[in-house]
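This report introduces a structure to a reader who has not met it before. The sequence and the model are shown first, and the description follows.

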Amino acid sequence: MDGHFTILGLESSCDDTAAAVLRGRRILSSVVADQTALHAAYGGVVPEIAARAHAEKLDHCVEQALEEAGTALGDIDAIAVTAGPGLIGGVLSGVMMAKGLAAATGKPLIGVNHLAGHALTPRLSDGLAYPYLILLVSGGHCQFLRVDGPTEFTRLGSTIDDAPGEAFDKTARLLGLPQPGGPSVEHHAAQGDETRFTFPRPLLDRDGCDLSFSGLKTALLRQRDALIADQGGLHPQDVNDLCAGFQAAVRDVVVEKSRRALSASDGISGFAVAGGVAANSALRSALKALCASRDIPFIAPPLALCTDNAAMIAYAGGEIFAERGGDDLGLSARPRWPLDKRAPAALGSGRKGAKA
Ligand code: KG4
Ligand code: ZN
């Protein structure tokens, strides 16, 4: 992408309203307004509440992003927007806003697949060369993708039920720990014994790179209930040990499936991770060790770029625009939009919306 090309990006597919201004690979601003407090009482994202909040916040986020970047709308060369997959009310809010801006300014409009935004992030953060392998692990996604170009993705495997972040969040809920569950479970796991309780390693007996996490939560529930029946409650050390056993099972499954995905990926320049669960240090260090043992660069972009943001949408928009130009004002919002059109649809629907 031309280093002077300036793109405004919009993201509203889940529970973060975001706007960013990018010039080449330089992030001039990246504003993220999260909706955690709005959904806290419901134990998950409520689509209607999310859509309304996006509609209210998008223009403020755009104004703030332009101001922080020191740019005016007239200085923008193109407008990129998440056009799916995600919660349809939120995606529609973003697409309508982007169309309005494109119509008013006469600038090109680029519809971006949210997952492409995540998948191209290691190019924004580290300039990683094509082709590469990426693992997306968050509260709504879990898939291995081989990335050969801005619109060329091959899915090597994905979860057949829950996303790992969802499993961390449910585990925390079952143990009475605060949300989001990932950081709480990681904290307790650090003081626990991962060998005390037995957790399954789902799908390791099956060929390929698909993953499954819903059985881990059932295993946790069974062991928790057995302890309560036995001793009338949970001791702090029980909670720590259950967290450690659960986290070790997630780590082992993800590492083994990553090993297989790497074996199936010829000529890649590196292995990258993105998504909130990539913040887990046990998982990160195990994946780093796996890559070191195979002499493959391991790339973990900064967390602010791994979780939902609009800089990744602006960046992906720039690459897509350079390859195939923009979209017209007929651009549709798509609740489902698989990156790899040849792969069968992934099963399940994550806590944070439909999976591609
Ligand atoms: O990518 P993200 O911010 O949002 C979407 O899902 O789109 O990911 C959020 C998820 C939550 O489920 C959270 O519990 C999980 O990432 N997470 C973690 C950690 N930090 C966040 N999971 C495990 N370990 C962590 N340290
Ligand atoms: Zn996401």
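## The zinc site

In this predicted model, the zinc ion (ligand 2) is coordinated by His114 through NE2, His118 through NE2 and Asp308 through OD, at 2.1 to 2.2 Å. The spacing of these donor residues in sequence is H-x3-H-x189-D. Distant parts of the chain are thereby linked: His114 lies in helix α4 (residues 114–126), whereas Asp308 lies in the loop between α10 (303–306) and α11 (311–324), 194 residues apart.

Two of the donor residues may be described further by their accessibility. His114 has a relative accessible area of 1% and is therefore buried, since buried means under 20%. Asp308, at 15% relative accessibility, also counts as buried.

## The largest nonpolar core

The largest nonpolar core holds 44 residues. Within this core, the residues with the most contacts are Leu135, Phe199, Phe213, Phe246, Val254, Phe271 and Leu287. Two or more residues are given to the core by each of β6 (132–137), β7 (142–149), α5 (164–174), α6 (181–189), α7 (214–231), α8 (236–263), β9 (271–274) and α9 (281–293). Helix α8 supplies the largest share, twelve residues.

The surroundings of Phe199 can be listed individually. Leaving aside residues up to four places away in sequence, Phe199 touches Leu216, Ala219, Leu220, Gln223, Leu242, Gly245, Phe246 and Ala249.

## A second core

Separate from the core just described is a second one, of 35 residues. Among its members are Leu128, Val147, Ala314 and Tyr315.

Conventions
Residues numbered from 1 in each chain as written. Chains lettered and ligands numbered in written order. Predicted model: local features only at pLDDT ≥ 70, side-chain atom pairs only at ≥ 80, totals over all residues. Heavy atoms only, no water. Donors = N, O, S within 2.8 Å, 3.2 Å for Na, K, Ca; no water. Helix = DSSP H or I, 4+ residues; strand = E, 2+ residues; numbered from the N terminus. Buried < 20%, exposed > 50% of the residue type's maximum accessible area, 1.4 Å probe, protein only. Core = buried A, V, L, I, M, F, W, Y, C linked by side-chain atoms within 4.5 Å. Contact = heavy atoms within 4.5 Å.
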